[in-house]
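Grab a pencil and work through these exercises with the structure open beside you. Try each task before you read the solution under it.

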Amino acid sequence: MSIRVLKAGDVYRIEGPAKVVVRRGQVYATGVVYTEGQSFTVLRARRLVIKALSESEVELVLGPGALLERVDPREEIIDEWESKTASIDPKGVIVIVGMIDVGKSTMTAMLGNKALARGYKVAIIDADVGQNDLGPPTTVSLARLTKYITHLRQLVAEKSIFLQATSLERIWPRAIEQIARAVDFAKRSWQVDTIILNTDGWVLDEEAVVFKRRLIDVIKPSLIIAIQVEKELAPVLDGYNNVVVLPPPPQVRSRSREDRKIHREMGYGRYIFPPVELAIPLDKIPICNLPIFKGIEIGDELKRILARAIGTGVLKAYQVGNRVYAIIENDAWVVRRVSGFQVIGLPIDFEKGLLVGLEDAEHFLVGLGVMKRIYYDRRKAIIYTSSEVERRIGEVKCIRLGLVRLDDNFNEVEKAYSLLKAEHE
């Protein structure tokens, strides 16, 4: 522990873990002015910029690896962000857009704090499926803000929606539906005044622009906060007049793709480890997005005809409307038209290692799991999941297969996009 006197106007950069207690004076951090007796924390490996608004005395507790450095105010954008957001009434729905690593999470926390300071009831929605700070990777997660924070990770998701993947390129239409559902839930069930929506960093290609604009059109935010390096967000923002454009922090930490992958893998482990093995009867708790046991099981003679038509052995087959789902003796997926039916051939063991979401009756996430095996004769699935899910298994109404395959150590080994060929609600 150390005591430090900050001069009025001094700007400091802190890298956690650290705790700051204001003994006298006024210190600004993440949209909040902290005064005598108040404190805030900086999480491990997270960075926070603070400013002394008057001569202040602070008590610093720096953990292992923590850093504290005084910086030239011109090296940071703390003043510019504050001046451009000071007059904003943060009521309604505010959407934060920008590329990866431009400070969207920090801005989300800052605006949430400002809304809380006005006495508003506040909800935070994190829709960054790859680097979610509120809930598990692959989810849109929601939490209510009841006290000031410096980082979104200080909140715990109260509701999560499983979006199956760590990026939205292949599933963005469903993402729009589910993000809109999260916004509607916060309005209707929590009756909040303010919703701050943090989005993912996919913004640069044409499809990303279509996704972001359709999301904005569906959500109809009262305000869009765009954190822009140059002009990269112009196609997303074109035609909207409720936009505030901000620069990114110059010293923001940029994470490599591998760093982000490691962060996700630690997230899977945090929400599943230590795993318990559950045998789940698929007649009672079906697979949400693959109706293999909901249709008519095809007999041996028709399986032989089907096998000749698609050129591979068929172990099991189920007719669901004008589709036939076949478990095949093949390593590759098969999609073929046969006598007016669309045949979806699922390779044997296709399910092994798939991340799954165990959902309740409202399709909110009860917990994550990893599919180990489906026993077709017994209509059972073996899933590794957390003891918390085991305790709440009565809430689970269906299992949604994800598009990420994990190994036994929760490392990502494959993007299982072939499943999209077979999905059916």
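**Exercise 1: the disulfide**

The structure holds one disulfide. Keep in mind that this is a predicted model. Your task: find which cysteines the disulfide joins, work out its handedness, and say what parts the pair ties together.

Solution. Start with the sulfurs: the bond runs from Cys288 to Cys398, with an S to S distance of 2.0 Å. Next, take the torsion about that S-S bond; it comes to about 85 degrees, so the disulfide is right-handed. Now place the two ends. Cys288 sits in the loop between β17 and β18 (296-297), while Cys398 belongs to strand β26 (residues 398-406), so the pair ties together parts 110 residues apart in sequence. Finally, check the surroundings: Cys288 and Cys398 are both buried.

**Exercise 2: the six-stranded sheet**

Lay out the strand order of the open sheet of six strands, then say which strands are at the edges.

Solution. Walk across the sheet and you get β17-β25-β24-β23-β26-β27, with antiparallel pairing. The ends of that list are the edge strands, β17 (275-281) and β27 (412-415), and each pairs on one side only. From strand to neighbouring strand the turn averages 45 degrees, ignoring direction.

Now zoom in on one pair. β23 (residues 354-359) and β24 (residues 365-375) are antiparallel partners over five bridges. To get the register, take Glu359: its bridge partner in β24 is Leu365.

One loop deserves a stop too. Arg378 is in the loop between β24 and β25 (380-386). Is Arg378 buried or exposed? The cut-off for exposed is over 50% relative accessible area. Arg378 has 57%, so it counts as exposed. In sequence, Arg378 is 97 residues from Pro281, yet their C-alpha atoms are 8.2 Å apart in space.

**Exercise 3: the five-stranded sheet and its helix**

Give the order of the open sheet of five strands, follow the register through β7, and find which helix lies across it.

Solution. First the order: β5-β4-β7-β2-β9, paired antiparallel. β5 (32-34) and β9 (67-71) are at the edges with a single partner strand each, so each has one side without a neighbour in the sheet. The average twist from one strand to the next is 30 degrees.

Then the pairs. β2 (residues 11-15) is joined to β9 by five bridges, running antiparallel, and Glu15 is opposite Leu67 of β9. β2 also pairs with β7 in the antiparallel sense, again over five bridges. β4 and β7 make an antiparallel pair over two bridges. For the register, look at Lys51 in β7: it is the bridge partner of Val11, and also that of Tyr28.

Last, the helix. α1 (residues 78-85) lies across β2, β4 (27-29) and β7 (47-52), at about 75 degrees to β7. Five of the six residues of β7 are buried, so the strand is largely enclosed by the rest of the structure.

**Exercise 4: faces of a strand**

Sort the side chains of β6 (residues 39-42) by the face they point to.

Solution. Start from the general rule: in a regular strand, side chains alternate between the two faces of the sheet. Applied to β6, Phe40 and Val42 go to one face and are buried; Ser39 and Thr41 go to the other face and are not buried. For its partner, look at β3 (residues 18-24), which runs antiparallel to β6 and is joined to it by four bridges. In that pairing, Val21 is opposite Ser39.

**Exercise 5: checking helix α2**

Compare the span of α2 (residues 104-117) with what its 14 residues should give, and decide how far it is enclosed.

Solution. At 1.5 Å a residue, α2 should span 20 Å; its end C-alpha atoms lie 20 Å apart, so the two agree. Now for burial: 11 of its 14 residues are buried, so α2 is largely enclosed by the rest of the structure. Among these are Met107, Met110, Leu111 and Leu116. Just past the helix, Gly119 adopts a positive phi of about 90 degrees.

**Exercise 6: the whole protein**

Take stock of the secondary structure and of burial across the chain.

Solution. Count the elements and you find eight helices and 27 strands. Of the 425 residues, 54% are buried. The C-alpha atoms fill a box of roughly 85 × 50 × 40 Å along the principal axes.

Terms used:
Residues are numbered from 1 along each chain as its sequence is written. This is a predicted model: local features need pLDDT of at least 70, side-chain atom pairs count only at pLDDT 80 or more; totals for chains, interfaces and linings use all residues. Side-chain values use heavy atoms; hydrogens and water are left out. Two strands pair if DSSP finds at least two bridges between them. Axes are lines fitted to C-alpha atoms, for helices over the stretch in contact, and angles run from 0 to 180 degrees between N-to-C directions. Buried means under 20% relative accessible area, exposed over 50%, partly exposed in between (1.4 Å probe, protein chains only). A disulfide is a pair of cysteine sulfur atoms within 2.5 Å. The expected span of a helix is 1.5 Å times one less than its number of residues. Contact means heavy atoms within 4.5 Å.
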